Amino acid sequence: MVLSRTMILMIAATVVVSVLAVTINVPSTTPYSPYCTGPEGYSELVKILNAVVVYSPADVSHSSDAVILLPLERDLSSSDYLTLKNLVVGGATLIIADEGRYSDALLSYLGVHIRVANYTVLDEVRKLRDRFHPVINVSLGRGRYAEVTTFMPSYILEGGVGGPVLGYTSKYAYADVDGSGFYSLGEVMKEYLIVGSWHVGNGTVVLVRDLDAFSNSLIGEEGNVAFIRYITGLRKAYLVVGGLRLGGVDELKLALSAVGLGRTMRSREFLLATYLLLAAVFAVVRYSEKAR
Amino acid sequence: MTGDVLRLVVAVLLIVLIGTSVCVVGISEESSELPEVDPAPLIELLGDALMMIMEGHYAGARDICSEAMAITLPSGLEYLHLRVYGKLLELVSNLERAEKVRESAEPKSPEVKVLLYELYEVKLELEDAIIRYVSELSKYFKDDATRYVMVRSVEELVASFMSRLSSDIDELVEVYLRGSRGGDVLKVTISLPKKVLGGSVLEVSAAVTSEHVTGLANLTVFVTYADTVTEVVNEVIKVGSQTSLYVRTPSAEDLTQIGVELDEELPIKVVALATASVSGEEVVGYAAVDSVLVFTRPRLTIMVPNRVYPEQPINVTILARIDGVLKAKIYLDKVDTAHLLLETDLKLGKNTFLLNLSNLSVGYHKLYVVTEPSGAYLGFTHSSAFAVVKQPLVAVAEAPEIVVIPPLSTVIHVYVDTPTPYEVTVYVENREMLRVTYLNKSRIYLTVPLPLTPLLWRYNIKVEVRSLDPLYGSVTKTLSTYVVNLPLLLAAVVALGLAMVTPASSRYMSFSLRSVLHSFSRLSRASTRRTQPPAVSKSLVRFRRPRLLKLYRKIISLLSKFSEPPKRSETLREFFRRLQSKVGSSIQQLVWRFLSMYEVDIYSQHDVSESEAREIARRLEEYGAE
């Protein structure tokens, strides 16, 4: 069988369009990915804040009107520290979600000297569903409070807080040092600091010791929405994903979104129109060949 | 071909289009079973709530209770949890009212009375609720050490809390009695021992003092035992002085009579109420102290023999370490009037009793020693088992070691050393040969018939002596004896000797022996053949390959130039008849000779000469070559 060049071109064009469409439209399953629509994803957060997803802080436009959400699952590069410092000092609000110690170096660079602990905090008294979902009473300043639901958060050990945003557990929470999931003798029951904030230059840094507070499963809770909306306000939000362990598909999606294909490729009407156009072109070419 | 390609492309497009139309892939998370509750924070929460109430921080206690009631818990635990905190809120509310009332209350105020009732009620319900709640929570601990530490800690706190609450209620009682005014009050103090023995005298020291009141006061002391029995003692006492009142505590039998369930410790509550009249107004004073009424179990050690013979008296010894005298009853097998053996008094030290029991059946029995509650002693029941065994029967039996027959009997000597009628049964090789009964004879000679013995045999003889008195046992003696049939033995020896010595007889015997042996061996071979199942081979019957087959085929092929080979339906002789007319006589002879040999080879068991057959074949070959 000999395929005509027209045929080959048609097939190639169709395959390319289809691959792009699949890449952009099929959701990711990577936890904390802005393209993940599952309980662990951040797709709802992006939708609620109408946030721009960028890979690096360098992609954030310099503006004092920016709110930068920085979830961390790995260390950032040192060049990002300078960028972030310039942004914050210039007036941006930086919200760091970190359960580990990936933000230690960044905070130190920003002049915030604190110590954090990696142990999980459980709270049987103030909770949602179970003690693994402690509800944090976050003071937002000016007498306003929000009840933010978290999932197995860690905590800020010491260093004090300078900003208005402060979030504590109940005084019956405890750090599960032995990882048993239950209180054991020797573990301390007290109020644990989960959310802290500091003024840096003209901006503010807010540290939330939990990544899941902004995930799809919890962002729908009234307190969580109120918390993020209050901090973000009407400002432009950026979700920096460079600190997350995203898969190849997520990074490809991000790249395609960056070149502007995201919107068009998500549209069913556009895709349908593309295929119909390809089919029409093919039919016309075949007809003309036959006519000849 | 073009149509095929087109169809293929359209199919691909459709698949991809459907795929891209699916923009949302829901990832459903399997819900995992919720982890169980961690009880430790709940225990802490309860402790904090109780501490707040004890310290009088009622607002803080309310906040804790409200926070606690907002916690979601499994349904079984949630009910208990809400009940506890509900009652705590109720208690806080009552205590707040009590604080206000304390400041301005008239004596015997109805409002205070109602508040007192409510406090009593909530105290009882709260105590029950907390105990159940903590008990339920303790089941949720995974770690035993944590459970032990936390539950113990909260239990101690609960005990302190309840004690404090009782004190608060007592204070409120005082407020109810005297009102809120200060000054004109009577202060009553009483003291008594922490423990007192039942049936003894309780000394209560009481003092009534007052800053402003002088003169005489009426003192009424209520002594309540086990929340049931109350004794009231009245005395007039001078205010500012002390007095002692003596009350006899109830003994164990006193309490038993009125139906009080005895225990080693029973609570005593002493309440002293003093009243005096001041300017026409009555002033009161009140005090309450608790004590314990103690009873003990009598320390008795009972010794009864393990076994007795019928009609033998039973010696019972009871070692008593008691004060005074204790009434005891001894029963046989059952504690009722019909089985009462003895009613006696036990004193300090060794008490011995001889019980004569007649007609006691052989077997196990029980003796019960029962004491009733008396004085400071609780009731006591002890049982001892003993066995009534049969009297032994003494008997001896002897039989000769060797008995020569005839006659076909032997004499066995039996001696019975027991003054009782008895029966003797003699068994020879487990066959009963003799049974006789004697009323009163200790030494007997029994003539026992023996079985017919051909030559020589050893017999086991069993002599059983059984008493006709059921109180005596039986005895069995086993003997053995050799029985020799002398005449037959001699005859056999002689016959055998003659047979061995006579030549003809010896030859005949030798021949007979060999025949017998041969018969035996043939018999065993036949039985083996009979017993062995015929070997049925599952394979087909195969014919033995003839030894001359190869030569036969060779000769047939040589003769094929003269005649056709033998047909399947043809015998060898039919073939030969067919061949005869076609070959010369010399060949005929050779062929006839060979076919005869071949017939013998295939149809019989006889051997044939292969060399001759080969010679015939060689000569036929020569003829064939010519």
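This passage walks through selected strands, helices and side-chain contacts of a predicted model.

A convenient place to start is the hairpin in chain B. Strand β7 (residues 265-278) and strand β8 (residues 281-294) of chain B pair in the antiparallel sense, and 14 bridges hold the pairing. Within this ladder, A274(B) has G285(B) of β8(B) as its bridge partner. The two strands are separated by 2 residues in the hairpin, and S279(B), which sits in the turn, shows a positive phi of about 50°. Strand β8(B) also takes part in a second pairing, with strand β2 (residues 195-197) of chain B. Here the strands run parallel and are joined by 3 bridges; K195(B) finds its bridge partner in V292(B) of β8(B).

Further along chain B comes an open sheet of 3 strands, in the order β9-β11-β14, with antiparallel pairing. Its edges are formed by β9 (299-303) and β14 (349-355), each of which pairs on one side only. From one strand to the next, the twist averages 20°. Between β9(B) and strand β11 (residues 314-321) of chain B there are 5 bridges, and the two run antiparallel. For readers following along in the viewer, T301(B) is a handy landmark, as it stands opposite L319(B) in β11(B).

Another open sheet of 3 strands in chain B has the order β17-β19-β22, again with antiparallel pairing. The edge positions belong to β17 (395-398) and β22 (443-449), and each of these strands pairs on one side only. In this sheet the twist averages 25° from one strand to the next. Strand β17(B) is joined in the antiparallel sense to strand β19 (residues 409-416) of chain B over 4 bridges. In that pairing, A395(B) is matched with V416(B) of β19(B) as its bridge partner.

Turning to helix packing, helix α11 (residues 572-580) and helix α12 (residues 585-603) of chain B meet at an angle of about 175°, with their axes 11 Å apart. Since angles over 145 degrees count as roughly antiparallel, α11(B) and α12(B) are therefore roughly antiparallel to each other. On the α11(B) side, the contact is made by L572(B), R573(B), F575(B), F576(B), L579(B) and Q580(B). The α12(B) side contributes Q588(B), V591(B), W592(B), L595(B), Y598(B), E599(B) and I602(B). In character, the residues of this contact divide into 9 nonpolar, 2 polar and 2 charged.

Aromatic pairs number 10 over all chains. One of them joins Y81(A) and Y109(A), whose ring centres lie 5.8 Å apart with the planes at 45°, so the pair is tilted. Because Y81(A) belongs to helix α3 (residues 78-89) of chain A and Y109(A) to helix α4 (residues 104-109) of chain A, the pair ties together parts that are 28 residues apart in sequence.

Finally, R126(A) deserves a look of its own. This arginine is found in the loop between β5 (121-122) and β6 (127-128) of chain A. A polar atom of the R126(A) side chain lies 3.4 Å from the backbone oxygen of Y168(A). Leaving aside residues up to four places away in sequence, R126(A) touches P134(A), V135(A), N137(A), E147(A), Y168(A), T169(A) and S170(A), together with E67(B).

Note on methods:
Residues numbered from 1 in each chain as written. Chains lettered and ligands numbered in written order. Predicted model: local features only at pLDDT ≥ 70, side-chain atom pairs only at ≥ 80, totals over all residues. Heavy atoms only, no water. Pairing = 2+ DSSP bridges. Axes fitted to C-alpha atoms, helices over the stretch in contact; angles between N-to-C directions. Polar contact = N/O pair within 3.5 Å; in protein donor to acceptor, adjacent residues only side chain to side chain. Contact = heavy atoms within 4.5 Å. Parallel < 35°, antiparallel > 145°, perpendicular 65-115°, else oblique. Nonpolar A, V, L, I, M, F, W, Y, C, P; charged D, E, K, R; others polar. Phe/Tyr/Trp six-rings, centres within 6.5 Å; stacked < 30°, edge-to-face > 60°.
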